[in-house]
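Subject: Structure for you to look at

Dear colleague,

I am handing over a structure that I would like you to open beside this message and follow as you read. Below it I describe what was found, going step by step from one sheet to the chain as a whole.

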Amino acid sequence: MHANCPGCTQPDVAFAPHDHARCTGDLMALAEARMAEGGGRMTPVRRRTLQILLEAHRALGAYDVLERLAAEGYGNQPPVAYRALEFLEEQGLAHRIRRLNAFTACMHPGEVHAPAFLICRACHAVAEAPGRSVGDALAVAALAVGFTVERATVEAMGLCPGCALAGPDADGGRIAPLRGVA
Ligand SMILES: [Zn+2]
Ligand SMILES: [Zn+2]
Ligand SMILES: [Zn+2]
């Protein structure tokens, strides 16, 4: 639990109204501190990629990121985006959301955690549910059959509170606007 970690202080930060400028600032500061402590080098393109991921609590595909980077003059070759995203993932600053083949910024940079992702299928908002209890339950169930879990990714698809209000057809041909981001 980090006092200035948005993911810790407000676990539903992706779905609920909050001071997003502060949330982004806190997460960037945590990321920079982590890199300064001996992580990798935060190059301009890596920093910008993290900022793009932090703009909304949403999963973004590598091509969405590449489009943004290219528009800002960072180069338009796919490896530019892939390498930056892979770096952020390796450093624990971003997560890969396999179900969407996309990436999202980590809400708990620098903390040991086994995230359980809550992914909105309508607006692609992603929250990291407090993963400890989910991970513990899995470990116990696995142990019962003699299996040792080394790595587990939990991705739950569904509807965020805002999209659930719009009804089960929230993603019917239309991407709902992002909610909860001031
Ligand atoms: Zn935020
Ligand atoms: Zn995380
Ligand atoms: Zn949603």
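A good place to begin is the pair β3 and β4, which run antiparallel to each other and are joined over 4 bridges. Please keep in mind throughout that this is a predicted model. Within this pair, Phe-117 stands opposite Glu-128 of β4, while Leu-118 has Ala-127 in β4 as its bridge partner. As background, strands in a sheet pair through hydrogen bonds of the backbone, and they may do so in a parallel or an antiparallel way.

On β5, the partnership is of the parallel kind, since β3 and β5 pair in that sense over 5 bridges. One of the contacts you can look up there is that of Ile-119, whose bridge partner in β5 is Met-157.

Taken together, 3 strands make up an open sheet in the order β4-β3-β5, with mixed pairing. The edges of this sheet are β4 and β5 (154-158), each of which pairs on one side only. On average, neighbouring strands of the sheet are turned by 25° against each other, with direction ignored.

Why is β3 described as largely enclosed by the rest of the structure? The reason is that 5 of the 5 residues of β3 are buried. If you look along the strand, Ala-116, Leu-118 and Cys-120 point one way, whereas Phe-117 and Ile-119 point the other way, and all of them are buried.

Two residues deserve a careful look for their backbone angles. In the hairpin of β3 and β4, which has 5 residues between the strands, His-124 takes a positive phi near 65°, although His-124 is a residue other than glycine. His-124 counts as buried because it has 23 C-beta neighbours inside 10 Å. Asn-101, in the loop between β1 (94-97) and β2 (102-105), also is not a glycine and has a positive phi of about 50°. Asn-101, however, counts as exposed, because 11 C-beta neighbours lie inside 10 Å of it.

Finally, for the chain as a whole, the model has 7 helices and 5 strands, and from the N terminus on these elements run α-α-α-α-α-β-β-β-β-α-β-α. Of the 182 residues in the protein chain, 33% count as buried. Among contacts with a separation of 6 or more, 59% are between residues that lie 24 or more positions apart.

With best wishes

Notes:
Residues numbered from 1 in each chain as written. Chains lettered and ligands numbered in written order. Predicted model: local features only at pLDDT ≥ 70, side-chain atom pairs only at ≥ 80, totals over all residues. Helix = DSSP H or I, 4+ residues; strand = E, 2+ residues; numbered from the N terminus. Buried ≥ 20, exposed ≤ 12 C-beta atoms within 10 Å, placed from the backbone. Contact = placed C-beta atoms within 7 Å. Pairing = 2+ DSSP bridges. Axes fitted to C-alpha atoms, helices over the stretch in contact; angles between N-to-C directions.
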